[in-house]
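Here are my notes, as promised. Have the model open while you read them.

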Amino acid sequence: MDIFCRGVKPFPTPSLAEVLFWLRIMRDHAQFVDSGLPCAESGLKIEAQKFAAVFGDLEERVAKDAPGEEFSRLIAATTQAVGKFFAFKRHILHLLIDCRLCGSWLTPLFVDHMSREALYFRKLLKKITGCAMAFPVDAVVSENVFWVRGTADHFKFIRGLADPAERGLVSRAKVLGDKFDVLNLQVRDFAGILWHYRPTNELVRLEVDLRVASGEAVDFFTAAESLTARCAAATVIPPLLAGHIRRESEHWLAVLEIIRRFLLQDGEELDDDDEDEDD
Ligand SMILES: [Fe+2]
Ligand SMILES: [Fe+2]
C-alpha cells in the first residue's frame with residue numbers, strides 16, 4: 001500500500017523530534033522550489049519564499065514550546081501549512097508536466113517526491129488526534145514502501161545532477177538506484193501479502209535486509225555530501241540538497257530502528273503467549 005492510499009498512516013509517533021525533523025525538510029523543499037523556478041516566475045518564487053518563512057517560524061516556535069496547549073495550536077497551524085504546501089507542490093508539478101515552467105531545474109519526479117513527503121508529514125501530524133492503524137503491520141509495510149521508493153528517487157536525483165565525467169559516482173548511484181528499484185517491488189509485494197495480517201518471520205528478515213540497504217544508502221549520501229561540500233566532484237548538486245538527502249536517509253535508519261524494536265517486542269509477546277499455552 002502506498003502513503004497516498006486512504007487510511008494509511010506513518011508508523012512513527014508524531015514526537016517533538018519527528019515534527020522538528022519534518023519542519024526542517026519542508027523549509028528545505030520551499031528553498032528548492034524557490035531556487036529551481038525560472039527568474040520570470042516571480043509570483044511562484046515569492047510564494048515559495050513565504051512557505052520557507054512559515055516553516056522556519058514554526059520550527060522555532062515548536063522548538064521553544066514544550067508539549068502543552070500551545071504545542072497543540074502549533075501542530076494545528078503546521079497541519080494547515082503542510083496541507084497548503086502540498087497543494088502548492090502539486091500545482092508546480094502540473095505546470096511542469098504541461099511545459100509551462102521552461103528553464104526550471106525542477107523535474108516532475110523531484111516535485112512529486114517532495115509532495116509525497118509533505119503528504120507523509122501531514123498524515124504523521126494527523127496521528128496526534130487520530131488513532132493508529134488497526135493492524136500495526138499495515139503501518140510497517142506502508143512505511144517500507146514510502147522510504148524505499150523515496151530512497152530509489154534520491155539515487156536518481158544525485159545521478160541526474162552529477163557530471164557524466166564523474167563515472168564512478170554516476171555508476172555507483174545507478175547500481176544502488178537499481179537495487180532500490182528492485183527493493184521497491186519487493187516491499188510492495190510484501191505490503192500486499194501481509195496486509196491486515198501480523199508480523200511474520202518473512203517481515204523480520206525483510207526489515208534486516210532494509211537496514212543493511214539503508215546503511216549503504218547513508219554511506220553513499222554522506223560521501224556525496226562530503227564531495228559536494230569540498231567541491232571535490234564535478235556536479236551541480238546544491239549542497240543543501242546533498243545534506244537534505246543525507247539527513248532523510250539517516251532518518252529512515254532511525255525509523256527502521258523503531259520498527260526493529262516493535263518487532264522484537266511483538267516476538268517476545270508471541271513467545272509469552274506460547275509459554276502461557278504450555279502452562
Ligand atoms: Fe525531501
Ligand atoms: Fe526525499
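The points below go from the metal site to the cysteines, the helix packing and a few single residues.

1. Ground rules. This is a predicted model, where local features need pLDDT of at least 70 and side-chain atom pairs count only at pLDDT 80 or more, while totals for chains, interfaces and linings use all residues. Residues are numbered from 1 along each chain as its sequence is written, chains are lettered from A and ligands numbered from 1 in the order in which they are written, and side-chain values use heavy atoms, with hydrogens and water left out.

2. Iron ion (ligand 1). Its protein donors are H29 (NE2), E117 (OE), H244 (NE2) and E248 (OE), at 2.1 to 2.2 Å. A donor here is an N, O or S atom within 2.8 Å of the metal (3.2 Å for Na, K and Ca), and since water is not among the atoms, sites may look incomplete. Along the chain the donors of this ion run H-x87-E-x126-H-x3-E. H29 in helix α1 (residues 16-36) and H244 in helix α8 are 215 residues apart, so this pair links distant parts of the chain. Helices are DSSP runs (H or I, at least four residues), as strands are (E, at least two), numbered from the N terminus.

3. Iron ion (ligand 2). H113 (NE2), E117 (OE), H154 (NE2) and E248 (OE) are the protein donors, lying 2.0 to 2.2 Å from the ion. The spacing in sequence is H-x3-E-x36-H-x93-E. Distant parts of the chain are linked at this ion too: H154 sits in helix α5 (residues 136-161) and E248 in helix α8 (residues 239-278), 94 residues apart.

4. What joins the two ions? E117 does the bridging, and the iron ions (ligand 1 and ligand 2) lie 3.3 Å apart. E248 appears in the donor list of ligand 1 and also in that of ligand 2.

5. Geometry. I'd be careful with shape labels here. The 4 donor atoms of ligand 1 make angles of 81 to 164 degrees, and the site is irregular. Ligand 2 also has an irregular site, with angles of 85 to 172 degrees among its 4 donor atoms. For reference, four donors count as tetrahedral if all angles lie between 85 and 135 degrees; four count as square planar and six as octahedral if opposite donors are over 155 degrees apart and all others between 65 and 115; anything else is irregular.

6. Are the donors buried or exposed? The four checked here are buried: H29 at 1% relative accessibility, H244 at 3%, H154 at 3% and E248 at 0%. The cut-offs are under 20% relative accessible area for buried and over 50% for exposed, with partly exposed in between (1.4 Å probe, protein chains only).

7. Cysteines. The structure holds 0 disulfides, a disulfide being a pair of cysteine sulfur atoms within 2.5 Å. For C102, the closest cysteine sulfur is that of C99, 6.1 Å away and too far for a bond. C102 is exposed, with a relative accessible area of 64%, whereas C5 is partly exposed at 27%.

8. Helix packing. α5 and helix α6 (residues 167-194) pack at about 160 degrees with their axes 8 Å apart, which makes them roughly antiparallel. For helix α4 (residues 108-126) and α5, the axes come within 11 Å and cross at roughly 150 degrees, so they are roughly antiparallel too. Axes are lines fitted to C-alpha atoms, for helices over the stretch in contact, and angles run from 0 to 180 degrees between N-to-C directions. Under 35 degrees counts as roughly parallel, over 145 as roughly antiparallel, 65 to 115 as roughly perpendicular and the rest as oblique.

9. Backbone oddities. H196 is a residue other than glycine with a positive phi, near 60 degrees. H196 is in the loop between α6 and α7 (201-229) and is partly exposed at 46%. C231 also has a positive phi, near 55 degrees; this cysteine is in the loop between α7 and α8 and counts as exposed at 68% relative accessibility.

10. One long span. A81 is in helix α3 (residues 69-97) and is buried at 9% relative accessibility. The C-alpha atoms of A81 and R230 are separated by 35 Å, with the two residues 149 apart along the chain.
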